[in-house]
Structure formats: C-alpha cells, structure tokens
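Dear colleague,

I am handing over the structure below, together with some notes on what was found in it. Please keep it open while you read, since the notes go through it part by part.

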Amino acid sequence: MAQYVRMSTEHQKYSTENQAAAIAEYASLHGMRIVKTYEDSGKSGLNLKGRSGLQALLHDVEQPSPGFSAVLVYDISRWGRFPDPDEAAAYVHSCKRRGIQVIYCAEPFNNDGSLPSTVFIGIKRSMAAEYSRELSVKVFNGACTIVRHGYRQGGAPGFGLRRQLIDEQHNIKGLLSRGEKKSIQTDRVILVPGPPDEVELVNRIYRLFLDDNMPERVIASVLNREGLTNDAGKLWTRGAIHQILTNEKYIGNNVYNRSSFKLKIQHVRNPPEQWVRRDGAFEAIVPAVVFMQAQAVIAARSHHLDDAQMLEMLRQTLERYGALSGIVIDEDDEVPSSSAYRTRFGSLLRAYSLIGYAPRRDYAYLEINKLLRRLHPELIDEITASIASSGGWAARNKETDLLTINGEFTASLVIARCKPTATGSYRWLIRFDAGLHPDVTVVARMDPSNSHAYDYYVLPGIDFSAATFPILENNGFTLDAYRVDSLESFYQLAGRTTLQEVA
C-alpha cells in the first residue's frame with residue numbers, strides 16, 4: 001500500500017505526522033503494509049499545481065508496476081479541496097482504472113463503488129469545495145480589514161520603501177529583511193521610507209520622467225549605465241520604472257485588490273471601484289502633486305487606440321525606418337509595443353499584412369511551426385485516448401512526450417510539414433527524435449495547408465533509426481511504406497501486447 005498525506009497551513013490535526021499515524025493504525029487493523037509515502041507539505045488543495053507528491057503518485061499509478069495496489073488517504077479533504085469536485089473524482093478515477101483503490105481512512109464509509117458510498121463521497125467533496133469558498137471569503141474580508149486600518153497586506157515593499165514590523169500596541173519591533181515574515185499573528189506590517197539614497201533615486205526617476213521627458217525605457221537605460229541596480233540587485237527594466245511611476249504606495253496610499261486570484265482559478269484585474277484603499281496610511285516619499293502629474297502624462301500617452309489608429313502608427317514607423325521588426329517597433333516611442341500588436345492582431349506578421357508590408361524574408365513558416373507546436377500535444381492526447389479505447393494503454397513522458405505502450409515498446413510522434421516545391425509538387429521534411437531512440441515513430445504528414453494531418457506513417461525503429469538514417473538540417477524523405485490513411489490501424493496494433501505485432 002501507498003499513503004498520501006497533505007498539509008497546508010490549517011489546524012494541527014491535519015499535520016502530516018498525525019495523518020500518517022492515523023493511516024498506520026488503519027493499515028494495521030486491516031492487515032495492510034505501507035511501502036511508499038507521497039507527501040505535500042504546506043500545499044494548498046485547490047489545484048494540482050505545485051503538489052509534487054500527488055503528481056508523483058498519479059505518474060507512478062500509470063506505470064506498469066507501481067509497487068502498490070491501493071492508496072491510503074486520511075480523508076477526502078486531504079486528497080484535495082478542488083473548487084470543482086469533478087476534478088478530485090477524475091484523479092481518483094485515474095487510480096481506479098489502473099486497478100488501484102483510493103481508501104479514506106478517517107471517513108465513516110468505504111470507497112467501494114456502492115451507491116451509499118458514491119453519494120457520501122460526492123457530498124463530502126462538495127463540502128470540501130464549499131469550505132474552500134467560505135474560507136476564501138473570510139480570508140479576503142480579513143485582508144480588507146487589515147488594509148483599511150492602514151497596515152500592509154503582503155507583497156514586497158518596492159524600491160525606496162521598507163517593511164516595518166509593529167506589535168498590536170503599535171510599538172516598533174524592527175525592519176523585515178527581504179524574504180522575512182512576521183512570526184506572531186497579532187503583529188502588523190507598515191511601509192516606511194527606505195535608505196535616503198533610494199528615496200532620492202525614486203524622486204530622481206520622477207524628475208527624469210516629468211522634467212526631462214524621458215520615457216521609462218530611457219530612464220532604465222540611464223540608471224543601468226550608471227551602474228545602479230534595483231532593490232533585488234538587478235538591472236532596471238521599463239516595467240520596474242513604470243511601477244515606481246504608477247504605484248500609490250509612494251505617496252503613502254494603501255491599495256489592495258487591484259487584481260485577484262480567488263481559489264487559484266484565474267487572475268483577474270479588478271476595476272478601480274473594487275479596490276480596497278486607505279489613503280495616507282504611510283509616510284509618502286514622493287509629493288502627491290508630482291505623482292498626479294506623472295499619472296496625467298501616462299494617461300494622455302496611453303489613451304485607447306482602435307485598430308485603424310494602431311495600423312496607421314505602424315505605417316508611419318515603416319516610413320521612418322524603411323522596415324519593420326519587433327525591435328524596430330519597441331525602439332520607436334511613437335507607437336505601441338510589438339507585444340501590443342501581437343495581442344491585438346494575433347501576430348506581427350498579420351499586422352504587417354494589414355498595412356501591405358511584406359518582409360524581405362518569408363516568415364510564413366514561423367506561423368506554420370507555431371500551429372504545429374500547438375497541434376503536437378493534441379495528437380499525442382488523441383493517440384493515448386484511442387489506444388486505451390482499443391484495449392491498450394500508453395504512459396506519456398511529460399518532458400519528452402515519448403509514449404510507452406502496454407509496457408512493451410516506445411513510440412514518438414513526429415509532424416511532417418508540407419512544403420511546396422518550385423515545380424508545384426509537395427515535399428515533407430522529417431526530423432526524427434534521434435535522442436529518444438523510440439521503437440516506433442508515428443509520422444503525421446500534413447496537408448498542403450498545414451492545418452490538418454493528411455495521413456500517417458508508422459516507422460519501426462529497426463528500419464528507421466539514428467544509426468541507419470542520415471539526420472541532416474534539411475532532411476528530405478520520400479514516404480512510400482507503412483502508410484495508413486488514419487491512425488486507426490496503429491491504435492488496433494497498439495491495443496495488442498508486443499512490438500513484433502506492430503512491426
């Protein structure tokens with residue numbers, strides 16, 4: 001048997017030691033022996049991200065011989081308090097379909113698939129999700145109260161500022177260094193001015209911006225040439241300068257909830273009316289009138305541009321420089337950044353085409369390669385699912401996408417881009433995964449538009465390998481064997497047990 005234990009920052013009853021003790025007692029009473037432990041300490045149960053223990057467990061379950069036949073968990077909440085209860089069920093199902101049962105030791109029912117247990121487990125999962133939602137509301141309301149009272153709620157102080165620790169009577173206890181946290185729950189944190197040289201540099205940044213009309217990128221370059229670094233000891237960037245010019249903490253205001261990540265589902269930028277604030281909470285290091293002047297300049301510069309305006313500005317850049325590229329656009333302070341054009345129009349190439357600009361070099365292949373990179377994991381998922389429906393199974397290496405099929409042989413997917421020749425015919429370029437040494441390579445040959453797979457080739461490594469096939473930078477290859485119009489025949493072969501039947 002294996003055991004899985006998880007503790008976030010909750011009550012001591014959920015410590016990993018207490019969970020392990022309860023699980024050990026359950027195992028002893030039922031004649032079980034624990035041979036492996038998976039642990040996540042200090043990890044939220046809201047999602048799988050960051051939970052290396054559960055990820056390792058789910059990975060091992062997919063192996064031919066995981067070394068255990070069941071997983072013991074303290075209770076349903078330790079498996080996870082996923083906002084969507086179906087997510088918890090999906091991970092349990094991943095274990096069950098491999099013949100590994102998930103047992104909750106502290107629950108008053110057995111996870112045996114019976115109707116009562118199914119109903120109870122569904123209710124408990126929903127209760128765990130609801131607990132997370134209620135706790136999220138309580139934590140958020142508590143944080144808002146702290147902010148309204150003028151205390152700092154998390155986050156680095158920023159250049160020119162420091163975090164000062166005070167007790168509940170507002171007695172000063174000292175400054176918190178970078179990475180340090182308070183140790184007493186009733187203590188609070190406020191922001192105070194940092195070293196005089198940092199405070200002076202912050203005000204100099206405002207002077208360069210307002211008096212010398214320097215944009216953020218130029219200010220960063222000036223500071224870097226002078227050998228000055230930010231509070232993390234790194235070079236200045238445009239974003240770091242912009243943050244100093246726009247954050248109200250420099251005039252003493254405490255602002256919270258500008259963005260949110262509730263239940264760790266999605267980052268959301270909140271409108272100003274949802275911000276929680278306390279003006280004048282800290283000692284200002286920048287005069288308020290100077291700060292407001294900077295905001296006026298930024299607002300006038302960043303007014304909303306429609307598509308036609310952005311394209312017209314791009315045409316003007318083309319006229320000034322005679323050519324366009326991401327670097328040229330970013331160096332031109334008169335136009336939005338290249339990332340803004342990518343976001344608005346999908347890619348720089350599409351923005352170029354809309355103003356009638358054709359780069360001297362044909363960059364169309366970049367867009368095709370981007371599409372094929374997105375298509376590759378989709379085809380891997382299709383292969384894995386279809387092999388399972390045909391009676392086999394496939395374990396996927398998350399780093400290389402190499403598939404181990406039925407525990408017998410490995411397979412790699414290669415997508416061959418279709419390239420037209422000068423004579424009007426087509427050619428497909430293949431680059432084998434030589435470093436993976438798969439037993440079988442599945443080649444998806446794309447149609448002339450490179451949007452869909454045209455057909456497939458199954459190439460056993462015994463005939464096509466790094467040792468027998470020349471690997472060149474541009475390797476042309478005539479596909480004339482092992483062809484199938486779809487992957488169905490490969491799925492049927494993979495549903496069997498041995499490499500010999502595939503080859």
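This is a predicted model, and it holds 4 aromatic pairs. One of them joins Tyr-38 and Phe-68, whose ring centres are 6.1 Å apart and whose planes meet at 70°, so the pair is edge-to-face. Tyr-38 belongs to strand E2 (residues 36–41), whereas Phe-68 lies in the loop between helix H2 (52–61) and strand E3 (70–73), so the pair ties together parts that are 30 residues apart in sequence. Both partners are covered: Tyr-38 is buried, with a relative accessible area of 4%, and Phe-68 is buried as well, with a value of 8%.

Another aromatic pair is formed by Tyr-341 and Phe-345, and this one is stacked, with 6.2 Å from centre to centre and 20° between the planes. Tyr-341 and Phe-345 are 4 residues apart in helix H12 (residues 338–345), a separation of about one helical turn. In general, an α-helix has 3.6 residues a turn, so residues three or four places apart point the same way. Tyr-341 counts as buried at 0% relative accessibility, and Phe-345 does too, at 6%. A ring also takes part in a contact of another kind, in that the charged end of Arg-98 sits over the ring of Trp-393, 4.7 Å from its centre.

Turning to the interior, the largest nonpolar core has 31 residues, of which Tyr-206, Trp-236 and Tyr-250 touch the most other members. At least two residues of this core come from each of strand E5 (161–166), strand E7 (188–193), helix H6 (196–210), helix H7 (216–225), helix H8 (238–246) and helix H9 (288–301), and the largest share, 8 residues, is supplied by H6. If neighbours within four places in sequence are left aside, the contacts of Trp-236 include Phe-159, Leu-201, Ile-205, Ala-220, Leu-223, Ile-241 and Ile-244. Apart from this core lies another one, of 23 residues, among them Ile-76, Phe-82, Ala-88 and Phe-109.

H6 itself deserves a closer look. At 1.5 Å a residue, its 15 residues should span 21 Å, and this agrees with the 21 Å between its end C-alpha atoms. The buried residues of H6 include Leu-201, Ile-205, Tyr-206 and Phe-209, but also Glu-198 and Asn-203.

E5, which also contributes to the largest core, is mostly covered, with 5 of its 6 residues buried. E5 runs antiparallel to E7, and 6 bridges join the two strands; E5 also pairs in the antiparallel sense with strand E6 (residues 172–176), over 4 bridges. Gln-164 can be followed in both directions, since it stands opposite Ile-190 in E7 and has Leu-175 as its bridge partner in E6. E5 and E6 form a hairpin with 5 residues between them, and in the turn His-170 has a positive phi of about 70°.

Positive phi values occur elsewhere too, and they are worth noting because most residues other than glycine have a negative phi. Asn-213, which is not a glycine, has a phi near 55°; Asn-213 is placed in the loop between H6 and H7 and is exposed, with a relative accessible area of 63%. Asp-401 likewise has a positive phi, of about 65°, and is placed in the loop between strand E12 (394–396) and strand E13 (403–405). Asp-401, however, is buried, with a relative accessible area of 17%.

One further residue to look at is Arg-320, which is found in helix H10 (residues 307–321) and is partly exposed, with a relative accessible area of 44%. Arg-320 and Asp-332 are 12 residues apart in sequence, and their C-alpha atoms are 9.6 Å apart in space. Leaving aside neighbours within four places in sequence, Arg-320 is in contact with Asp-332, Glu-334 and Val-335.

For the chain as a whole, there are 16 helices and 18 strands, and buried residues make up 41% of its 503 residues. Among contacts with a separation of 6 or more, 61% are between residues 24 or more positions apart.

With best regards

Terms used: Residues numbered from 1 in each chain as written. Predicted model: local features only at pLDDT ≥ 70, side-chain atom pairs only at ≥ 80, totals over all residues. Heavy atoms only, no water. Phe/Tyr/Trp six-rings, centres within 6.5 Å; stacked < 30°, edge-to-face > 60°. Buried < 20%, exposed > 50% of the residue type's maximum accessible area, 1.4 Å probe, protein only. Lys NZ or Arg CZ within 6 Å of the ring centre and 35° of its normal. Core = buried A, V, L, I, M, F, W, Y, C linked by side-chain atoms within 4.5 Å. Contact = heavy atoms within 4.5 Å. Expected span 1.5 Å × (residues − 1). Pairing = 2+ DSSP bridges.
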